[in-house]
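Welcome! Take a moment to look over the sequence and turn the model around before reading on. The notes that follow go through it topic by topic.

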Amino acid sequence: MQPKNTTMKFNTIFGKPYLYWLLGIFIFYLALTIYISEFYITLQYLGIYADQIHWGKLLLGIIFTITIAALVAINSVYGYLRYKEKKKVQKSGTLACVGTIGGLATGVCSSCVTSVFPLILGAFGISFTWASLPFQGLEIQALIIVILGTSLYFLMRK
């Protein structure tokens with residue numbers, strides 16, 4: 001009986017008033033990520049450097065970014081519903097904030113963006129980019145998906 005009740009509450013975010021919030025947060029977060037990472041500039045040069053781009057990694061980065069945006073939107077709306085029910089959302093809220101900021105830090109194409117974390121390290125004289133990681137930052141995006149999924153799990157738990 002307990003899981004069915006949780007599922008029904010989860011489905012309420014796809015109801016009429018919350019669906020608009022869900023779509024709005026998704027579109028806003030995706031637009032903000034594209035703007036901060038300046039992916040709109042990268043798109044202009046795709047034709048010129050098409051033979052030098054690893055298309056699999058780029059497409060995976062785009063899929064990860066869309067997944068992160070969807071999880072941020074779901075966490076936001078579901079967290080609001082849980083808060084409205086007077087449920088404790090501290091642990092899941094913290095994870096959702098970390099995931100949201102992390103998603104913005106990696107950008108759409110994590111090997112193309114300077115982002116916040118390497119910028120902070122650069123202030124201390126440490127040269128670092130997501131491109132220096134083994135999978136060019138895709139592992140950071142995967143970690144953010146896990147963090148946001150964990151946050152959603154804590155929100156769905158009673």
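Helices here are DSSP runs of H or I with at least four residues, strands are runs of E with at least two, and both are numbered from the N terminus. With that in hand, the protein chain comes to seven helices and zero strands. Please keep in mind that this is a predicted model.

**The whole chain**

- Going along the sequence, you will meet the pattern α-α-α-α-α-α-α.
- The protein chain has 158 residues, and buried residues make up 34% of them.

**Helix α2 and its two faces**

- Helix α2 covers residues 16-37, which is 22 residues.
- From its first C-alpha to its last, α2 reaches 32 Å, close to the 32 Å expected at 1.5 Å a residue.
- Which residues of α2 are buried? They are Tyr18, Leu22, Tyr29, Leu30, Thr33 and Ser37.
- These buried residues lie on the same side of α2, because they cover an arc of only 105° around the axis.
- Now turn to the face of α2 that points away from its buried side: there you will find the exposed residues Lys16, Tyr20, Trp21, Ile27, Phe28 and Tyr35.
- Just after α2 comes Glu38, and its phi is positive, near 55°.

**A nonpolar patch on the surface**

- Seven names are worth finding on the surface: Ile34, Tyr35, Ile36, Tyr40, Ile41, Tyr45 and Ile48 form a nonpolar patch there.
- Together, the residues of this patch have about 670 Å² of accessible area.
- The elements that give two or more residues to the nonpolar patch are α2 and α3, the latter spanning 39-44.
- Which element gives the most to the nonpolar patch? That is α2, with three residues.
- Tyr35 is a good residue to pick out, as a member of the patch that is found in helix α2.
- Is Tyr35 buried or exposed? Its relative accessibility is 57%, and exposed means over 50%, so Tyr35 counts as exposed.

**Helix α7 and its buried residues**

- Helix α7 runs over residues 138-156, and those are 19 residues.
- The reach of α7 from first C-alpha to last is 27 Å, close to the 27 Å expected at 1.5 Å a residue.
- Buried in α7 are Leu138, Gln141, Ile144, Ile147, Leu148, Ser151, Leu152 and Leu155.
- Leu148 has 0% relative accessibility, and therefore counts as buried.

**Where distant parts of the sequence come together**

- Leu148, in helix α7, is 45 residues along the chain from Gly103, and their C-alpha atoms are separated by 9.8 Å.
- How far apart in space are Gly102 and Gln141? C-alpha to C-alpha they are 7.9 Å apart, with their places 39 residues apart in sequence.
- Gly102 sits in helix α5, residues 90-106, while Gln141 is one of the buried residues of α7.
- Gly102 has 17% relative accessibility, so Gly102 counts as buried too.

**An aromatic pair**

- The count of aromatic pairs in the model comes to one.
- The partners are Tyr153 and Phe154, whose ring centres are 5.7 Å apart; their planes stand at 55°, so the pair is tilted.
- Phe154 has a relative accessible area of 23%, which means that Phe154 is partly exposed.

Technical notes
Residues are numbered from 1 along each chain as its sequence is written. This is a predicted model: local features need pLDDT of at least 70, side-chain atom pairs count only at pLDDT 80 or more; totals for chains, interfaces and linings use all residues. Side-chain values use heavy atoms; hydrogens and water are left out. The expected span of a helix is 1.5 Å times one less than its number of residues. Buried means under 20% relative accessible area, exposed over 50%, partly exposed in between (1.4 Å probe, protein chains only). The arc is that of the directions from the helix axis to the C-beta atoms. Patches are made of residues with over 30% relative accessible area and no salt bridge: like charges are joined within 9 Å, nonpolar side chains (Val, Leu, Ile, Met, Phe, Trp, Tyr) within 5 Å. Accessible areas come from the Shrake-Rupley method with a 1.4 Å probe; for residues, only the protein chains shown count as cover. A salt bridge is a side-chain nitrogen of Lys or Arg within 4 Å of a carboxyl oxygen of Asp or Glu. Rings of Phe, Tyr and Trp (its six-membered ring) pair if their centres lie within 6.5 Å; planes under 30 degrees apart count as stacked, over 60 as edge-to-face and the rest as tilted.
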